[in-house]
Amino acid sequence: KCKLEPLNKVIVRNSVAGFVQDIEALEGQFVKTGATILKLKNNDLQLRVVQLKSEIENLQNKERMMLNTRNISEYQGIQDQLQVKNNEFLKLETTVKDLIIKVPDHLKKGGVLSLISPDKNPNPKQTTLKDLKNSYLQEDSDVFEIADISELKSIIYVDEKEIVNVKVGNTVKIKSTGKTG
């Protein structure tokens, strides 16, 4: 018996919690670097984006009004608040971008996508990637792995009765049946 395993595989996890909204790749599919695999939806984050935009707009309106009154100290206070809200918005934008799960850039050649093995799967009821649709993923969940199949290692199992016949440098023929697991 022989088992082929990729030398390089990456476990992909989501950094933000959310419900799986869209699945744009299939198990066993070759995915390229940067390709979108899943899109998550987080209503709390989206609500906070709307709230922050409104707060920033209100502060900008106050800032314009303060310019006309020439009240420098109040104007400076509003500018400080505006800067805090803008910084918060920039951080939130980054978090919202994390709702789109992509093939990591460090996997230069891309790879073959598969769901995390059942013993590591945070959602044991999900047995295929399609089963993840509408499910909730906790923050930092291992969702799936991507195997770079450009380089494989071979694990050869030899019956202990035959081990005496194995010598360094022996030629080995490997026949693939195409089965996984």
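Helices and strands are taken here as DSSP runs, a helix (H or I) having at least four residues and a strand (E) at least two, numbered from the N terminus. On that basis, aspartate 140 belongs to the loop that joins β7 to β8 (141-156). The model is a predicted one, and the points below take up two helices, the strands that pair with β8, and residues with positive phi.

**Helix α1 (43-69)**
- The 27 residues of α1 should span 39 Å at 1.5 Å a residue, and the C-alpha atoms at its ends are indeed 39 Å apart, so expectation and model agree.
- At the N-terminal end of α1, asparagine 42 acts as a cap, with a side-chain oxygen placed 3.0 Å from the backbone nitrogen of aspartate 44.
- Buried positions in α1 are Leu45, Val49, Leu52, Ile56, Leu59, Glu63 and Met66, and these buried residues pack against α2.
- An α-helix has 3.6 residues a turn, so residues three or four places apart point the same way.
- After α1 comes arginine 70, which has a positive phi near 60°.

**Helix α2 (72-97)**
- For the 26 residues of α2, a rise of 1.5 Å a residue predicts a span of 38 Å, and the separation of 37 Å between the end C-alpha atoms agrees with this.
- Tyr75, Ile78, Leu82, Phe89 and Leu92 are buried in α2, and the elements covering the buried residues of this helix include α1.

**Strands that pair with β8**
- Strand β1 (residues 2-14) is paired with β8 in the antiparallel sense through twelve bridges, and within this part of the structure valine 12 has phenylalanine 144 of β8 as its bridge partner.
- Strand β6 (111-115) also runs antiparallel to β8, the two being joined by four bridges, while leucine 113 stands opposite isoleucine 146 in β8.

**Loop residues with positive phi**
- Asparagine 134, found in the loop between β6 and β7 (136-137), has a phi near 70°, which is a positive value in a residue other than glycine.
- Because exposed means over 50% relative accessible area, asparagine 134 counts as exposed with its relative accessibility of 55%.
- Aspartate 140, in the loop between β7 and β8, likewise is a residue other than glycine with a positive phi, here near 60°.
- Since partly exposed covers the range between under 20% and over 50%, aspartate 140, at 42% relative accessibility, counts as partly exposed.

How values were computed
Residues are numbered from 1 along each chain as its sequence is written. This is a predicted model: local features need pLDDT of at least 70, side-chain atom pairs count only at pLDDT 80 or more; totals for chains, interfaces and linings use all residues. Side-chain values use heavy atoms; hydrogens and water are left out. The expected span of a helix is 1.5 Å times one less than its number of residues. Buried means under 20% relative accessible area, exposed over 50%, partly exposed in between (1.4 Å probe, protein chains only). Contact means heavy atoms within 4.5 Å. Two strands pair if DSSP finds at least two bridges between them. A polar contact is a pair of N or O atoms within 3.5 Å; within protein, one must be able to donate a hydrogen and the other to accept it, and residues adjacent in sequence count only if both atoms are side-chain atoms.
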